[in-house]
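Please open the structure in your viewer and keep the selection tool at hand. The tour proceeds by short stops, each naming what to select and what is found there.

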Amino acid sequence: MSKKISLTRYLVEQQRVDGLIPGQLRLLLEVVARACKRISFEVNKGALGGVLGSAGSENVQGEVQKKLDIIANEVLIEANEWGGHLAAMASEEMEGIYVVPNRYPQGEYLLLFDPLDGSSNIDVNVSIGTIFSVLLKPHDHPGVTTEDFLQPGAKQVAAGYCIYGPQTILALTVGDGVAMFTLDREQGSFVLTDENVRIPEDTKEFSINMSNLRHWDPSIRRYIDECLAGEEGPRGKNFNMRWIASMVADIHRILSRGGVFLYPWDKREPNKPGKLRLLYEANPMGWLIEQAGGAASNGHQRILDVEPTALHQRVSVIMGSKNEVDRVAQYYAEAETAGQ
Ligand code: FDP
């Protein structure tokens, strides 16, 4: 890329030249990016900033919160509450929605986020990230309710993540493909480093927590067994496995070079549809993946078509290279037909 294009300039062009995003959304995305920049600096400080380790509390899902989970959540709330672009926010780390206090101007957008995804990797210096999704508040009533957030992923108007790894990279879609911006720490700004990201339709790489193998349903076992059988098996090719245990890092790799990521339902908690959260993780990542030419399914339907019924709803996730995701969906369909 010959000349440097900042995130600000990219968004202005999306607004002015292409008419793709309204001004309020552009400003909102700039604030989210600024918050991610701050989180990146906190992550970088590590032990020197006293930000590692557990906070000694639990979130709404009963998971132990790390100090950085709480810091990242606060940074996102503080950065966004006064800008005038938002009506309310919802976070994986908060039980209920956060309505913008009426001392600040109210906007028409809803921001949803997982402030720090991949928490188990915080203390071991492995990539983690922030995932975000933006919806429009329904106009048919005053005020904001939890139900306003329960929109299918297909209604998102922007989605992205910021990965804090060897580089800090922000991936974004506003429905016109996926662009990636690398944080230039000397300039203090995100610079466009990849545009029109495309995921190859085929892959030889899968990403799943193999330690759960004995808990999976027959369709997922069949798919993974066939990958493991390699050249001698029905797939006729060898597969490689990568599992970072930060969804943001595993999805970033898939957007960069293809692959398939699976976090399926398993029988340990049969009443839970999956581990990952629909609104904060699966929807934004699913839209990015689709915008890059991939697919995102829960095995039975497109993730973006799942109608949410609760803020912290979970979902089974299979996303990445299209032909692999379609194959897993086909195995589910065959199992259903066979009455399994
Ligand atoms: P984490 O709980 O560490 O925040 O969001 C959930 C998530 O990480 C994903 O990022 C990751 O893919 C998955 O959980 C890892 O969970 P397991 O180690 O339990 O498989």
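Two strands are said to pair if DSSP finds at least two bridges between them. The model on display is predicted.

**First stop: the hairpin of S7 and S8**

Begin by selecting strand S7 (residues 158-164) and strand S8 (residues 168-173), which run antiparallel and are joined by six bridges. The connection from S7 to S8 is a hairpin of three residues. Two opposed pairs may be highlighted here: Tyr164 stands opposite Thr168 in S8, and Ile163 has Ile169 as its bridge partner.

Keep S8 selected. Is this strand mostly covered or mostly open? S8 is mostly covered, with six of its six residues buried. On one side lie Thr168, Leu170 and Leu172, on the other Ile169, Ala171 and Thr173, and both faces are covered.

**Second stop: onward to S9 and the wider sheet**

Add strand S9 (residues 179-184), which runs antiparallel to S8 and is joined to it by four bridges. Within this pairing, Met180 in S9 is the bridge partner of Ala171. The hairpin of S8 and S9 has five residues between the strands, and Gly175 in it takes a positive phi near 100°.

Now widen the selection to the whole sheet. This open sheet has eight strands in the order S4-S3-S5-S6-S7-S8-S9-S10, with mixed pairing. Its edges are strand S4 (98-99) and strand S10 (189-194), each of which pairs on one side only.

**Third stop: salt bridges that reach across the sequence**

In the whole structure, a search finds 18 salt bridges. Select Asp184 and Lys4, which form one of them, with the closest N and O atoms 3.1 Å apart. Asp184 lies in strand S9 and Lys4 in the segment before H1, so this pair ties together parts that are 180 residues apart in sequence. Asp184 is buried, with a relative accessible area of 15%, whereas Lys4 counts as exposed at 60% relative accessibility.

Next, select Glu92 and Arg277, a salt bridge whose closest N and O atoms are 3.4 Å apart. This pair also links distant parts of the chain: Glu92 is in the loop between strand S3 (86-91) and S4, and Arg277 is in strand S14 (residues 276-277), 185 residues apart. Glu92 and Arg277 are both buried.

For a salt bridge within one helix, select Lys45 and Glu42, whose closest N and O atoms are 3.3 Å apart. Both residues lie in helix H2, three residues apart, about one turn of the helix. Lys45 counts as partly exposed at 39% relative accessibility, while Glu42 counts as buried at 15%.

**Fourth stop: helices H5 and H6**

Select helix H5 (residues 247-257). Nine of its eleven residues are buried, so the helix is largely enclosed by the rest of the structure. Among the buried residues are Asp250 and Arg253. Asp250 and Arg253 also belong to a network of salt bridges with Glu205 and Arg257. After H5 comes Gly258, whose phi is positive, near 90°.

Move on to helix H6 (residues 278-291), which is mostly covered, 13 of its 14 residues being buried. Gly293 follows H6, and its phi is positive, near 90°.

**Fifth stop: strand S17 and its partners**

Select strand S17 (residues 317-320). Val317 and Met319 point one way from S17 and Ile318 and Gly320 the other way, and all are buried. Which strands pair with S17? Strand S13 (residues 260-263) pairs with S17 in the antiparallel sense over four bridges, and Tyr263 has Val317 as its bridge partner. Strand S15 (residues 295-297) and S17 also pair in the antiparallel sense, over three bridges. In this pairing, Ser297 stands opposite Ile318.

**Last stop: two surface patches**

Show the surface and select Asp18, Asp176, Asp194 and Glu195, which gather there in a patch of negative charge. Asp18 is placed in the loop between helix H1 (7-16) and helix H2 (23-45). At 44% relative accessibility, Asp18 counts as partly exposed.

Finally, select Val124, Val126 and Ile244, which form a nonpolar patch on the surface with about 210 Å² of accessible area together. Val126 is found in the loop between strand S5 (109-117) and strand S6 (128-136). With a relative accessible area of 33%, Val126 is partly exposed.

Definitions and conventions. Residues numbered from 1 in each chain as written. Predicted model: local features only at pLDDT ≥ 70, side-chain atom pairs only at ≥ 80, totals over all residues. Heavy atoms only, no water. Patch = residues over 30% accessible without salt bridge, like charges linked within 9 Å, V, L, I, M, F, W, Y side chains within 5 Å. Areas by Shrake-Rupley, 256 points an atom, 1.4 Å probe, with all protein chains shown as cover. Salt bridge = Lys/Arg side-chain N within 4 Å of Asp/Glu carboxyl O. Lys, Arg positive; Asp, Glu negative; His and termini not counted. Charge placed at Lys NZ, Arg CZ, Asp CG, Glu CD. Buried < 20%, exposed > 50% of the residue type's maximum accessible area, 1.4 Å probe, protein only.
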